[in-house]
Amino acid sequence: MTIVRVEPGGWTRGPHVETEPQTQTQAKETVEETAEVPGALPEALTGFVGYLLRRVFARFTACSDGPEDGSRDFLVLDALTGGDWASQLDLAERLGINRTLMVGVVDRLEGRGQVLRTRNPDNRRQYILSLTDKGRSAVEAGRRAVAQRDARLTAALTPEQVPRLNTLLARLLPPGAQDLVQGTGHLVAQAHHRLRRLGDEKLAGTGLRVRHYGPLSLLATSGPWPQQRLAQELAISGPATSQLVDELVAGGMVHRGRDPHDRRRHALELTELGHTQLKRVAEAVGLLAAETAELLGPGGEDELRALLGRLLEPAHPGAAEATARRD
């Protein structure tokens, strides 16, 4: 499936909104996030909204061939339909767009004549952003493209379930952004990025990331495994698995030994440090799950988990049933 190209306007719509510049670490995260392959998802992980949301984000990203800049451009234009914005930087923070990236977005929109940028008379260090007639036309075309794309991405849900999904996803965003982000694809991306940041913040200074929980926990309970087996169990590609394993080996948490069943292959097993670090990351994952449940409100966690499971069912048979069993 491809994303509808929007004309006029010169940009394409896609669900991915990157929230900060692409450092080497973030580039690695992008590889891991978009490396989903069909298969059964790890049962131990399907109970976490953050994990399911990451998998849905990967599915949506795989269905887009548009540049990431197009998503950011539309978010800014759409946010301005409610009126002028007194601070360009404030809008960037509300939308979760890095300040440097925001400058590029506004430069592009201003160059197309879709946005007018003027000095704030009350604060000369700030720019007021205003939507032009060209910008309004681009928003109208963009919204049609968003609706068509979202209809494809949410085809597994009923018409009643889609707005409910959007409502629950919006609860995972900061209060100032909940009314600004429209469309299921954008809500999935923004919610995913926020939960990832919240989880990784709980592991600051440890060298760990929330994404390490899956491979560490699987190797702890069922290892040692060859790397190919780990990839199958995680339902991600070989290169993505290699990236994760390299990080864990470099951190001293995983050892590449010989497979006792085939001496020609390596087998992955947790080191003593790996078991210790697993406890740390498990604690962070638990705290994130509790925070997520609080944001979603009573019953919201189970409901969102079930909806995400239905979205994953086409690529991961059994996902809907696995999440339903936890209701």
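In this predicted model, Leu91 keeps plenty of company: setting aside neighbours within four places in sequence, it is in contact with Val76, Ala79, Leu80, Trp85, Met102, Leu129 and Leu180. Leu91 also belongs to the largest nonpolar core, which has 78 residues. The residues with the most contacts inside that core are Leu91 itself, Val76, Leu95, Leu216, Leu304 and Leu308. As for helices, α2 (residues 49-62) gives the most to this core, with seven residues.

Next come the strands. Strand β3 covers residues 115-120 and strand β4 covers residues 123-131, and the two pair in the antiparallel sense over six bridges. Getting from β3 to β4 takes a hairpin of two residues. One of the bridges can be picked out by its partners, Asn120 and, in β4, Asn123.

Strand β3 also takes part in a charged pairing. Side chains of opposite charge can pair when their charged atoms come close. The side chains of Arg117 and Asp107 do just that, meeting in a salt bridge with N and O 2.5 Å apart. Because Arg117 lies in strand β3 and Asp107 in helix α5 (residues 99-111), the pair ties together parts that are 10 residues apart in sequence. Are the two partners buried or exposed? With a relative accessible area of 17%, Arg117 falls under the 20% cut-off and so is buried. Asp107, at 39%, is partly exposed.

There are 17 salt bridges in the structure, and a second one joins the side chains of Lys202 and Glu291, with an N to O distance of 2.7 Å. Lys202 sits in the loop between α8 (184-201) and α9 (213-222), while Glu291 is part of helix α12 (residues 272-296), so this pair ties together parts that are 89 residues apart in sequence. Both ends count as partly exposed: Lys202 has a relative accessible area of 33%, and Glu291 has 26%.

A third salt bridge stays within one helix. Asp302 and Arg305 have their closest N and O atoms 2.5 Å apart. Both residues lie in helix α13 (residues 300-312), three residues apart, or about one turn of the helix. Why does that spacing matter? An α-helix has 3.6 residues a turn, so residues three or four places apart point the same way. Asp302 is partly exposed at 29% relative accessible area, whereas Arg305 is buried at 4%. Elsewhere, salt bridges go beyond a simple pair, with Asp73, Arg108 and Arg112 linked in a network.

The last stop is helix α11 and its surroundings. How far apart should the ends of α11 be? At 1.5 Å a residue, its 13 residues should span 18 Å, and the end C-alpha atoms are indeed 18 Å apart, so the two values agree. The buried residues of this helix are Ala240, Thr241, Gln243, Leu244, Val245, Glu247 and Leu248.

The backbone has something to show on either side of α11. Most residues other than glycine have a negative phi. Ala235, however, has a positive phi near 60° despite not being a glycine. Its place is in the loop between α10 (227-234) and α11 (238-250), and Ala235 is buried, with a relative accessible area of 1%. After α11 comes Gly252, whose phi is also positive, near 75°.

How values were computed
Residues are numbered from 1 along each chain as its sequence is written. This is a predicted model: local features need pLDDT of at least 70, side-chain atom pairs count only at pLDDT 80 or more; totals for chains, interfaces and linings use all residues. Side-chain values use heavy atoms; hydrogens and water are left out. Two strands pair if DSSP finds at least two bridges between them. Helices (H or I, at least four residues) and strands (E, at least two) are DSSP runs, numbered from the N terminus. Buried means under 20% relative accessible area, exposed over 50%, partly exposed in between (1.4 Å probe, protein chains only). A salt bridge is a side-chain nitrogen of Lys or Arg within 4 Å of a carboxyl oxygen of Asp or Glu. A nonpolar core is a set of buried Ala, Val, Leu, Ile, Met, Phe, Trp, Tyr and Cys residues joined through side-chain atoms within 4.5 Å. Contact means heavy atoms within 4.5 Å. The expected span of a helix is 1.5 Å times one less than its number of residues.
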